[in-house]
Amino acid sequence: MADKLSKETDPELGDGFQVIRLGFWVDEEKDENWRKQMEQKYPSEDFRREFLLEPVGSLDVRPVFGDYRKETHEADLEWRPSVGRIIYRGWDFGKVHPACEFMQPNGLEKNFIGEVAPDNIMEEQFVQLVLAYSNQTFRNCTFVDWVDISGRNVDSWGNSSLKTLRSYGLQPRGREQHVEDGILQMSKEMVLHVGGRPYLMVNPKRCPRLAEALRGGYKRNKKGEIIKDGIHDHYVDAARYAVMGATFQKGKGWDTVQAKIKGQYGKFPKGGRDLRR
């Protein structure tokens, strides 16, 4: 396998240095069976970059979720009362395309089984639509609400998305997270399997806009940066909040998150996302 060892001169380092790239194949203990196991654990783009040393994702605009497949990740999923009555709601308050994605967890499974995604609607009306849909579709369920922490931002009239949710008796939860952390987690849950199915699945009839975004509507540009088109990103963001909330925390109320931030920065920042560490 030595013929696959790659040597190249790095122009930035000069002629006195040479870069040697070693793939997994130089390790005699890592055979094709090992490769197949690793391919099941990593998103395909990560596997090709890290293990096969291939340049990926830099040539053209491409889908963020390259491993998402309609035939694999979509099914006629329904709410299953026998599994439980806990439903996660991920909220994203887009000005034109707000979204609320409904997810039922079941162990490692995360099933997206509902969506409220109207267009051009006032924030309070949007909340009313979500609550009406929740009561009609998921009767007698307990809802765990996860939101973007920028929802605390106050407008010139003193209103905020969090205040709106609280005015309806909801207890929104938020956590500090980078977008790429959530994307990585969702990507992993698309390639990991339990009981013969991916961790993360979507009902395309009940969540049509989320399904469209995951199929390829949500993209990266040539530099590898996520394209915020004001449409598909809202549906993925809402789903991401639910996934990250269910995966890493049983839940911290916004008051707890706010107290933590205040302790870190000495005051509660008004800049929304623009926190400086």
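Look at contacts between residues at least 6 apart in sequence, and 67% of them in the protein chain join residues at least 24 apart. Keep in mind that what you have in front of you is a predicted model. The protein chain has 277 residues, and 43% of them are buried. Its secondary structure comes to 9 helices and 11 strands.

**The sheet**

A good place to start is an open sheet of 5 strands, which you can follow in the order β7-β4-β5-β6-β10. The pairing in this sheet is mixed. β7 (142–147) and β10 (200–202) sit at the edges with a single partner strand each, so one side of each has no neighbour in the sheet. On average, and ignoring direction, neighbouring strands here are turned by 30 degrees against each other. As a bit of background, strands of a sheet pair through backbone hydrogen bonds, either parallel or antiparallel.

Both kinds of pairing turn up here, as three of the pairs show:

| Strand pair | Sense | Bridges |
|---|---|---|
| β4 and β7 | parallel | 6 bridges |
| β5 and β6 | antiparallel | 7 bridges |
| β6 and β10 | parallel | 3 bridges |

Some individual residues help you find your way along these pairs. Strand β4 covers residues 86–92, and Arg-89 stands opposite Asp-145 in β7. Going from β5 to β6, Gln-104 has Asn-111 as its bridge partner. Between β6 and β10, Phe-112 is matched with Val-202 in β10.

How buried is β6? Of its 8 residues, 8 are buried, so β6 is largely enclosed by the rest of the structure.

**Turns and loops with positive phi**

β5 and β6 form a hairpin with 2 residues between the strands, and there Gly-107 takes a positive phi near 65 degrees. Two asparagines also have positive phi values, although they are not glycine. Asn-120 has phi near 50 degrees and is found in the loop between β6 and α4 (123–137). Asn-140 has phi near 60 degrees, and its place is the loop between α4 and β7. Are these two asparagines buried or exposed? Asn-120 is exposed, with a relative accessible area of 63%, and Asn-140 is exposed too, at 68%.

**Helices around the sheet**

Helix α7 (residues 208–217) lies across three strands, β5 (99–106), β6 (109–116) and β10, and runs at about 120 degrees to β6. Helix α7 also meets another helix, α8 (residues 232–248): the two axes come within 9 Å and cross at roughly 105 degrees. That makes α7 roughly perpendicular to α8. On the α7 side, the contact is made by Arg-209, Leu-210, Glu-212, Ala-213, Leu-214 and Gly-217, while α8 brings His-232, Tyr-235, Val-236 and Ala-239. Sorted by type, the residues of this contact are 6 nonpolar, 2 polar and 2 charged.

Helix α8 has a contact with α6 as well. Here the axes come within 9 Å and cross at roughly 75 degrees, and α6 and α8 are therefore roughly perpendicular to each other. From α6, the residues involved include Val-179, Ile-183, Met-186 and Glu-189, and from α8 they include Val-236, Ala-239, Val-243 and Phe-248. In this contact, 8 residues are nonpolar, 3 polar and 3 charged. Val-236 and Ala-239 of α8 are worth spotting, as they appear in the contact with α7 and in the contact with α6.

**The nonpolar cores**

Which residues have the most contacts inside the largest nonpolar core? They are Phe-65, Phe-112, Val-202, Leu-210, Leu-214 and Tyr-218, in a core of 29 residues. The elements giving two or more residues to this core are β5, β7, α6 (179–191), β10, α7 and α8. The largest share, 7 residues, comes from α8.

Val-202 makes a handy landmark. Leaving aside residues up to four places away in sequence, Val-202 touches Tyr-68, His-73, Glu-74, Ala-75, Leu-77, Phe-112, Cys-207, Leu-210, Ala-211 and Leu-214. Phe-112, the bridge partner of Val-202, is in that list of contacts.

There is also a second, separate core of 22 residues, with Trp-91, Val-116, Tyr-133 and Phe-138 among them.

How values were computed:
Residues numbered from 1 in each chain as written. Predicted model: local features only at pLDDT ≥ 70, side-chain atom pairs only at ≥ 80, totals over all residues. Heavy atoms only, no water. Pairing = 2+ DSSP bridges. Helix = DSSP H or I, 4+ residues; strand = E, 2+ residues; numbered from the N terminus. Axes fitted to C-alpha atoms, helices over the stretch in contact; angles between N-to-C directions. Contact = heavy atoms within 4.5 Å. Parallel < 35°, antiparallel > 145°, perpendicular 65-115°, else oblique. Nonpolar A, V, L, I, M, F, W, Y, C, P; charged D, E, K, R; others polar. Core = buried A, V, L, I, M, F, W, Y, C linked by side-chain atoms within 4.5 Å. Buried < 20%, exposed > 50% of the residue type's maximum accessible area, 1.4 Å probe, protein only.
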